[in-house]
Amino acid sequence: MVFNTGAALLDAIVLAVVSTEAEGTYGYKITHDVRQAIAVSESTLYPVLRRLQKEECLEAYDREFAGRNRRYYKITDKGRAQLRLYREEWISYSSKITRIFSEVKC
Amino acid sequence: MLSMKRDEFLSELERLLSGLPQQEQEETMQYYRDYFDDAGPEHETEALRELGSPRKVAAAVMVQFEEEDGEFTEKGFANPRWEEPPKEVIVVEDREERQRKWIKIGIAAFFVLFILPGILRIIGKLFGFSLNFALAVVVLLIGIGVCTVVSMIAGVAGVVVGFFLLFWMPMRGLMVLGLGFTLLGIGFLGNVLSMRFYGKWLPALLHAASEQVGKLSRKRRGGAEE
């Protein structure tokens, strides 16, 4: 991809992906869902999850799955508020960019 | 990296993260163990390729904690610590040193077990002593040294422990303190004795022994010439 994904946009995408699962979701699935949109390396994703967890936008908990404990991530109220803010910002930002491109004649 | 198996990857990652707080290490390890478990054996190779090297993964985790240590270069954020873990070097040095120490101990043990009895027998014969008598002398010599060292250490320990005990149980503290000083006194006495033993008598004994050995070998050589 020619456009870089900044830290804020990456946070927003991860929050959005996690928020779609009411019961929470796990690292491997988050990676795959995020990869549907952007090419992000796995080594970048864990630090993002960890940081969002420390900022209390996500909470982690362990649930048993196939005889082992799997770490799940769930969005918090704070995370949901943050996500709403990101979404508004994105809609405004992306619509402006889209408008500029729509005026391009070539 | 493709040939690297899941377990190798994880143990290498664990090693690289050892500088982080315990909780961070555990969180990270849990995450990547989960990642491999969820990928399953059939996607292991793919997962390993996507993750890259353990060093890269560790670096991305550590960036959050060590930003002061590293610096931004044209290749991105870099920290000299990721380039070569200094731990390995230290471990190697340690091992060499330990080996040298063990070799020394081994030589000393060999000497005491095999050479010393022989020397004792020679000394015993040369001076007309019985072996038992020579042994007794040596045991006495070593014993004095050992007693000195032990009573010095015990004395110091007694004084220190006694001093602190004074605050909790004054009577017991005094007793231990007194015992400590007594042991120290014995230690100092032993010190003087050992100085005599090891400083004068032992060298004299060894000197006499070597002279005797010298005479003996000269005689033998003389005998061969005849």
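In strand 3 of chain A, Arg68(A) is the bridge partner of Phe65(A). That pair belongs to a hairpin made by strand 2 and strand 3 of chain A, with two residues between the strands. The model you are looking at is predicted, and it places chain A in contact with chain B. Here is a short tour, beginning with the hairpin and ending where the two chains meet.

**The hairpin in chain A**
- Strand 2 covers residues 58-65 of chain A, and strand 3 covers residues 68-75.
- The two strands run antiparallel and are joined by eight bridges.
- Within the turn, Ala66(A) has a positive phi of about 50 degrees.

**The rest of chain A**
- Chain A contains four helices and three strands.
- Following the sequence from its start, you meet these elements in the order α-β-α-α-β-β-α.
- Chain A has 106 residues, and 23% of them are buried.
- Take the contacts between residues at least 6 apart in the sequence of chain A: 52% of them join residues at least 24 apart.

**Confidence in chain A**
- The mean pLDDT of chain A is 92.
- A value of 70 or more is reached by 99% of the residues in chain A.
- Where is confidence highest in chain A, and where is it lowest? Helix 4 (residues 77-102) has the highest mean, at 96, while helix 3 (residues 42-54) has the lowest, at 90.

**Chain B on its own**
- Chain B has eight helices and two strands.
- Its elements follow the pattern α-α-α-α-β-β-α-α-α-α along the sequence, so to speak a pair of strands written between two runs of helices.
- Of the 226 residues in chain B, 14% are buried.
- Among contacts in chain B between residues at least 6 apart in sequence, those that join residues at least 24 apart come to 53%.

**Where the chains meet**
- The contact between the chains involves 18 residues of chain B and 14 residues of chain A.
- Which elements of chain B give two or more residues to the side that touches chain A? They are helix 2 (22-39), helix 3 (44-51) and helix 4 (54-62) of chain B.
- Helix 2 of chain B provides the largest share of that side, with nine residues.
- By character, the residues on the side of chain B that touches chain A are eight nonpolar, six charged and four polar.

How values were computed:
Residues numbered from 1 in each chain as written. Chains lettered and ligands numbered in written order. Predicted model: local features only at pLDDT ≥ 70, side-chain atom pairs only at ≥ 80, totals over all residues. pLDDT = per-residue confidence, 0-100. Buried ≥ 20, exposed ≤ 12 C-beta atoms within 10 Å, placed from the backbone. Contact = placed C-beta atoms within 7 Å. Nonpolar A, V, L, I, M, F, W, Y, C, P; charged D, E, K, R; others polar. Pairing = 2+ DSSP bridges.
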